[in-house]
Amino acid sequence: MTATIPSCSGNSASEATSSPAPSWRASTSIRVGNPSGIAVAPDGRRVYVPNNDGGISVIDPHSDSVIATIPGISSPESLAVSRDGHRCYVVGYDAVSVVSTDADRVSASIGVGGRDIALSPDGRRAYVASMSSSSVDVIDTNNNAVTGAVGLSETPLAVAVAPDGRRVYVATVRTHGGSISMIDSANNKVTATIPVPGDPQDLAVTPDGKYIYVTYSNKEPKGDGIAVIDASKGAVTTALSTAGSPWGIDISPDGRYAYAAHLLPSSEVTVIDTATKAIAATLPIEGSPQDVAVSPDGRRVYVSVGSTVNRESGSEAAPSKVQVINVD
């Protein structure tokens, strides 16, 4: 599958001068088991994909192939890679598995589970969005021990840490609608709650820490979209409507573009220019896009894609995979 999507010009999130916009091209697809999240190692040499069959697929970006499968992980949902690249923290329903990336094996298990996990910039703490306990559990990565829990009034689905490590942002949902809880990492206290236009699914913070991008879903008439939060104001300043239900989101290392994966019916990746806060391009993806991760150099976007089934025949219409998008 190949496709080229034209784009519009835009500035970076931190620069006032314009620069030529890239084009986005869907290139290689890599077969994996039915995936959920996805993460790229800080040096860009490995891509890690949790599969619903209980394993982690390890992809070599140079050959675009699966070079190892790490078994023994219960219902993996999301993962985060340490700054030095030697450990991978995988969260499942019942536990956080610590994976030695040097040996491609599970080296420890921590007895808290959830849907999402994020590391502090210094790598000393891991934050787990625990749906079962409606809290964010805090893990000391030096000894793999739970050192605290931040209770929330709503159910947490996703978590992200500000680049300076001073704030932790948590996407939470209630019966109708949701919000972003802002946690002070120094004392593990919720300092603000920011309403969003729908049920938040995932979030990402710009490298300068000024904005938070939140994917959300909603029943009609409000629809689905992506909200942009001004961190200093603690409020949504932009809400972009999307054709499908957006799920995972990531931001390029230079802060210039945000990438959001959309589930059915649209099955696409939306590219947002962070300078203009507008949609710059949409890229159709065959299958059911789940999550996205951008390479450290910003030249590649990796999309975890679930399989789809033909409703009439019951056969597989599109296989599960990792779709690679080249940024030229």
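The legends below describe close-up views of a predicted model. Residues are numbered from 1 along each chain as its sequence is written, and side-chain values use heavy atoms, with hydrogens and water left out. Because the model is predicted, local features need pLDDT of at least 70 and side-chain atom pairs count only at pLDDT 80 or more, whereas totals for chains, interfaces and linings use all residues.

**View 1. The largest pocket and its lining.** The largest pocket (an open set of points on a 1 Å grid over the protein atoms alone, where a 1.4 Å probe fits, with protein on both sides within 12 Å along at least five of seven lines) has a volume of about 1,400 Å³, a volume being the space filled by probe spheres set on the points. Its lining, meaning residues with an atom within 4 Å of a point, comprises 49 residues, of which A39, L79, A80, A118 and D250 lie nearest the centre. These lining residues divide into 31 nonpolar, 11 polar and 7 charged, where Asp, Glu, Lys and Arg count as charged, Ala, Val, Leu, Ile, Met, Phe, Trp, Tyr, Cys and Pro as nonpolar, and the others, Gly among them, as polar. Among the strands (DSSP runs of E, at least two residues, numbered from the N terminus) that each supply at least two lining residues are β3 (39–40), β7 (76–81) and β27 (288–294).

**View 2. The surroundings of S267.** S267 lies in the loop that joins β24 (257–262) to β25 (268–273), and it counts as buried because its relative accessibility is 8%, buried meaning under 20% relative accessible area, exposed over 50% and partly exposed in between (1.4 Å probe, protein chains only). A polar atom of the S267 side chain lies 2.8 Å from the backbone oxygen of G287. Leaving aside residues up to four places away in sequence, S267 touches (heavy atoms within 4.5 Å) H262, L283, P284, I285, G287 and P289.

**View 3. The salt bridge between D60 and R46.** The closest N and O atoms of this salt bridge (a side-chain nitrogen of Lys or Arg within 4 Å of a carboxyl oxygen of Asp or Glu) are 3.9 Å apart. D60 lies in strand β5 (residues 56–60) and R46 in the loop between β3 and β4 (47–50), so the pair ties together parts 14 residues apart in sequence. D60 is buried at 15% relative accessible area, while R46 is partly exposed at 27%.

**View 4. The salt bridge between R174 and E154.** The side chains of R174 and E154 meet at 3.1 Å, N to O. This pair links distant parts of the chain, 20 residues apart, with R174 in the loop between β16 (167–173) and β17 (178–184) and E154 in the loop between β14 (145–151) and β15.

How values were computed: Helices (H or I, at least four residues) and strands (E, at least two) are DSSP runs, numbered from the N terminus. A polar contact is a pair of N or O atoms within 3.5 Å; within protein, one must be able to donate a hydrogen and the other to accept it, and residues adjacent in sequence count only if both atoms are side-chain atoms.
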